Amino acid sequence: MIERCMKKPEYLDMLQFKEEDRQTVFDFAGRKAEFIKPVNTNQLALYVETFYGPKKVNHNDYIVKDKLGLLTIHTPDEFESNFVKVKRTENK
(Lines give C-alpha, C1' and ligand atoms only; values in the text may rest on other atoms or scores of the structure.)
Protein backbone atom coordinates (compact mmCIF):
# COMPACT_ATOMS: atom_id res chain seq x y z
CA MET A 1 0.00 0.00 0.00
CA ILE A 2 1.30 3.47 -0.89
CA GLU A 3 1.19 5.80 2.06
CA ARG A 4 2.16 9.39 2.64
CA CYS A 5 4.66 10.65 5.19
CA MET A 6 6.23 13.93 6.20
CA LYS A 7 9.82 14.63 7.19
CA LYS A 8 10.11 15.45 10.87
CA PRO A 9 10.74 19.11 11.62
CA GLU A 10 14.38 19.92 12.04
CA TYR A 11 15.51 22.97 13.96
CA LEU A 12 18.31 24.91 12.27
CA ASP A 13 20.30 27.94 13.30
CA MET A 14 20.27 30.91 10.95
CA LEU A 15 21.67 34.38 10.59
CA GLN A 16 20.52 37.15 8.29
CA PHE A 17 23.63 38.87 6.92
CA LYS A 18 23.91 42.61 7.54
CA GLU A 19 27.04 44.45 6.40
CA GLU A 20 27.65 45.89 9.86
CA ASP A 21 27.56 42.48 11.60
CA ARG A 22 30.83 41.02 10.32
CA GLN A 23 31.98 39.72 13.70
CA THR A 24 28.63 37.95 14.15
CA VAL A 25 29.17 36.18 10.80
CA PHE A 26 32.57 34.90 11.96
CA ASP A 27 31.13 33.82 15.30
CA PHE A 28 28.38 31.91 13.49
CA ALA A 29 30.23 30.44 10.49
CA GLY A 30 33.75 30.22 11.87
CA ARG A 31 36.44 29.45 9.30
CA LYS A 32 33.81 28.79 6.65
CA ALA A 33 33.32 32.55 6.13
CA GLU A 34 35.77 34.90 4.43
CA PHE A 35 35.63 38.46 3.18
CA ILE A 36 37.33 38.79 -0.21
CA LYS A 37 38.04 41.92 -2.25
CA PRO A 38 37.02 41.15 -5.86
CA VAL A 39 39.14 42.52 -8.70
CA ASN A 40 38.31 46.09 -9.83
CA THR A 41 36.27 46.99 -6.76
CA ASN A 42 36.84 48.57 -3.37
CA GLN A 43 34.06 46.60 -1.66
CA LEU A 44 34.66 43.44 0.34
CA ALA A 45 32.40 40.52 -0.55
CA LEU A 46 31.42 37.77 1.88
CA TYR A 47 31.90 34.19 0.70
CA VAL A 48 30.80 31.18 2.74
CA GLU A 49 31.94 27.61 2.21
CA THR A 50 28.88 25.44 1.49
CA PHE A 51 28.52 21.75 0.60
CA TYR A 52 28.68 22.77 -3.09
CA GLY A 53 31.68 25.10 -2.71
CA PRO A 54 32.13 28.80 -1.91
CA LYS A 55 29.04 30.96 -2.39
CA LYS A 56 28.76 34.74 -2.30
CA VAL A 57 26.45 36.14 0.37
CA ASN A 58 24.59 39.34 -0.43
CA HIS A 59 23.23 41.83 2.09
CA ASN A 60 20.05 40.41 3.74
CA ASP A 61 20.72 36.83 2.55
CA TYR A 62 20.27 34.12 5.17
CA ILE A 63 23.04 31.78 6.27
CA VAL A 64 21.49 28.57 7.59
CA LYS A 65 23.47 25.98 9.59
CA ASP A 66 22.20 22.42 10.01
CA LYS A 67 22.91 20.10 12.95
CA LEU A 68 26.06 18.81 11.20
CA GLY A 69 27.42 22.35 10.80
CA LEU A 70 26.84 22.49 7.03
CA LEU A 71 25.98 25.96 5.77
CA THR A 72 23.53 26.95 3.03
CA ILE A 73 22.78 30.41 1.66
CA HIS A 74 19.25 31.60 0.84
CA THR A 75 17.88 34.84 -0.56
CA PRO A 76 15.15 36.44 1.56
CA ASP A 77 12.48 35.12 -0.84
CA GLU A 78 13.88 31.58 -0.73
CA PHE A 79 14.09 31.71 3.03
CA GLU A 80 10.53 32.95 3.50
CA SER A 81 9.11 30.25 1.21
CA ASN A 82 11.11 27.36 2.75
CA PHE A 83 11.57 28.18 6.43
CA VAL A 84 9.58 29.40 9.41
CA LYS A 85 11.29 31.40 12.15
CA VAL A 86 10.75 29.94 15.61
CA LYS A 87 11.74 31.05 19.08
CA ARG A 88 14.64 29.22 20.65
CA THR A 89 13.38 27.16 23.55
CA GLU A 90 16.67 25.80 24.90
CA ASN A 91 19.94 27.47 25.73
CA LYS A 92 22.76 26.56 23.41
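**View 1. Three strands, E2-E3-E4 in that order, make an open sheet with antiparallel pairing.** E2 and E4 sit at the edges with a single partner strand each, so one side of each has no neighbour in the sheet. From one strand to the next, the twist averages 35°. Strands (E, at least two residues) and helices (H or I, at least four) are DSSP runs numbered from the N terminus, and two strands pair if DSSP finds at least two bridges between them. This is a predicted model, where local features need pLDDT of at least 70 and side-chain atom pairs count only at pLDDT 80 or more, while totals for chains, interfaces and linings use all residues. Residue numbers start from 1 along each chain as its sequence is written, and side-chain values use heavy atoms, leaving out hydrogens and water.

**View 2. Here E2 (residues 33-36) meets E3 (residues 45-50) through four bridges.** Look for Ala33 opposite Val48 in E3, and Glu34 opposite Tyr47 in E3. Helix H1 (residues 22-29) packs on the sheet and touches E2 and E3 (contact means heavy atoms within 4.5 Å). The direction of H1 makes about 145° with that of E2; axes are lines fitted to C-alpha atoms, for helices over the stretch in contact, and angles between N-to-C directions run from 0 to 180 degrees.

**View 3. Now for E3 and E4 (residues 53-57), an antiparallel pair joined by five bridges.** Tyr47 turns up here too, with Lys56 in E4 as its bridge partner. A hairpin takes E3 into E4 through two residues.
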